[in-house]
Amino acid sequence: MTTKIKAGVIGWPIKHSRSPIIHGFWLKQHQINGSYDKIPVEPDELSNFISSLKQNGLSGINITVPHKIEALKLADLITPDAKAIGAANTLWFEDGQLIAGNTDAHGFITHLKTKAPTWKSDKPAMVMGAGGAARAILYALLKEGVPQIKLTNRTTERAENLASEFNKQFSDKISVIEWNDKQSNMDDCSLLVNSTSLGMNGNPPLEINIDTLPAKAVVYDIVYAPLETDLLKSAKTRGLTAVDGLGMLLHQAVPGFEKWFGIRPKVTDELYQLVVDDLEKDA
Ligand code: ATR
């Protein structure tokens, strides 16, 4: 009998996480003697929890809100991606050291390339939102070589702070656009990304007219509940490529699973549908 490999996801609260469905699917598919559980960890307990990962038999964990920034400080080593993004979502051990990584940028860009294979990174992009998700998206797009990113956020100051932080690393590629001016600034963008929580079930709608986006533009909404947001509906109505947010969640899970369980899993239609069915239970 092999020893059971244990991993999980920590957050506070954690009950809505879909990660156990994703990792549970792959564990079963690959017949691995392993488990992946939701673990509620209060902010006050984070440091103790992370320092006793090994004692508790865990090979690693995913980290979600509100621990993504704090967790960086508690690891032995930080990957370049996690350092640049300023947050960790995946922890694993290498040579006895605890590594903090961030796979959100990987998830974002892999899903974009899968769903919009003709998208090229040679034109400006517009990113709406300046929260935690925006950080990984900006990093992914800058690493991909996008020449200019127009960043817009309800609170302009937050966008300015984020832009100045990234502009130090990526030679002034981000310019800040006032929230009310976004529509008049998208006519040269080949990609529009919503990284705000607007349009999510229970939240206000994202009010935007995308008529001025070029005819071949891609519209990517990281909101995945509902799966087809009003923004994606209007993109489809215009005949633009619409990219939903669920694939980012699925693809970000791949590197963690590989680190803990030793097999690089695949994002398949079957897995996608399994998570969609679960989301529909809550709708
Ligand atoms: P996450 O880590 O998921 O990105 P977050 O840090 O709470 O979450 O960020 C949420 C994003 O949605 C922010 O860009 C936020 O704008 P502010 O920085 O102005 O708060 C945006 N957002 C949330 N509610 C909004 C609303 N009603 N109108 C416009 N933007 C909104």
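**Exercise 1. Describe the surroundings of the ligand in this predicted model: how many residues surround the ligand, and which are the closest?**

Solution.
Step 1. Collect the residues with a heavy atom within 4 Å of the ligand. The shell holds 13 residues, and the closest are Ala130, Asn153, Arg154, Thr155 and Arg158.
Step 2. Sort the shell by class. Seven of its residues are polar, four are nonpolar and two are charged.
Step 3. Look for N or O atoms of the protein within 3.5 Å of the ligand. Glycine 132 has a backbone N or O atom 3.1 Å from a ligand oxygen atom. For alanine 133, a backbone N or O atom likewise lies 3.1 Å from an oxygen atom of the ligand. Arginine 154 contributes through its side chain, where an N or O atom is 2.8 Å from a ligand oxygen atom.
Step 4. Turn to the cover. On its own the ligand has 640 Å² of accessible area, and the protein covers 68% of that area.

**Exercise 2. In what order do the strands of the sheet with parallel pairing stand, and why is one side of strand 9 and of strand 12 left without a neighbour?**

Solution.
Step 1. Write down the order. The sheet is open, has six strands and reads 9-8-7-10-11-12, with parallel pairing.
Step 2. Find the ends of that order. Strand 9 (174–178) and strand 12 (241–243) are the edge strands; each has a single partner strand, so one side of each lacks a neighbour in the sheet.
Step 3. Add the twist. On average, and with direction ignored, neighbouring strands of this sheet are turned by 20° against each other.
Step 4. Check one pair in detail. Strand 10 (residues 191–194) and strand 11 (residues 218–221) run parallel and are joined by four bridges. Within this pair, leucine 192 has valine 219 of strand 11 as its bridge partner.
Step 5. Place the helices. Helix 5 (residues 104–115) lies across strand 10, strand 11 and strand 12, at about 140° to strand 11. Helix 8 (residues 230–237) also packs on the sheet, where it touches strand 7 (125–128), strand 10, strand 11 and strand 12. The direction of helix 8 makes about 165° with that of strand 11.

**Exercise 3. Analyse the sheet with mixed pairing: which strands stand at the edges, and how do strand 1, strand 3, strand 5 and strand 6 pair?**

Solution.
Step 1. Write down the order. This open sheet has six strands in the order 2-1-3-5-6-4, and its pairing is mixed.
Step 2. Identify the edges. Strand 2 and strand 4 (77–78) have a single partner strand each, so one side of each is without a neighbour in the sheet.
Step 3. Take the parallel pair. Strand 1 and strand 3 run parallel, with five bridges between them. Alanine 7 has glycine 60 in strand 3 as its bridge partner.
Step 4. Take the antiparallel pairs. Strand 3 (residues 58–63) pairs with strand 5 (residues 90–94) in the antiparallel sense over three bridges, and isoleucine 61 has leucine 91 of strand 5 as its bridge partner. Strand 5 is in turn joined to strand 6 (residues 97–101) by five bridges, again antiparallel. Here phenylalanine 93 stands opposite leucine 98 of strand 6.
Step 5. Inspect the hairpin. Two residues lie between strand 5 and strand 6, and aspartate 95 in this hairpin takes a positive phi near 50°.
Step 6. Place the helices. Helix 1 lies across strand 1, strand 2 and strand 3, at about 170° to strand 2. Helix 9 (residues 246–261) lies across strand 1, strand 2, strand 3 and strand 5, at about 25° to strand 5.

**Exercise 4. Locate the backbone features in the loops: where do proline 13, proline 226 and glutamine 31 lie?**

Solution.
Step 1. Start with proline 13, in the loop between strand 1 (5–11) and helix 1 (19–29). The peptide bond that leads to proline 13 from tryptophan 12 is cis, with omega near 5°.
Step 2. Go on to proline 226, in the loop between strand 11 and helix 8. The bond from alanine 225 to proline 226 is cis, with omega near 10°.
Step 3. End with glutamine 31, in the loop between helix 1 and strand 2 (34–40). Glutamine 31 is a residue other than glycine with a positive phi, near 50°.

Technical notes
Residues numbered from 1 in each chain as written. Predicted model: local features only at pLDDT ≥ 70, side-chain atom pairs only at ≥ 80, totals over all residues. Heavy atoms only, no water. Pairing = 2+ DSSP bridges. Polar contact = N/O pair within 3.5 Å; in protein donor to acceptor, adjacent residues only side chain to side chain. Areas by Shrake-Rupley, 256 points an atom, 1.4 Å probe, with all protein chains shown as cover. Nonpolar A, V, L, I, M, F, W, Y, C, P; charged D, E, K, R; others polar. Axes fitted to C-alpha atoms, helices over the stretch in contact; angles between N-to-C directions. Contact = heavy atoms within 4.5 Å.
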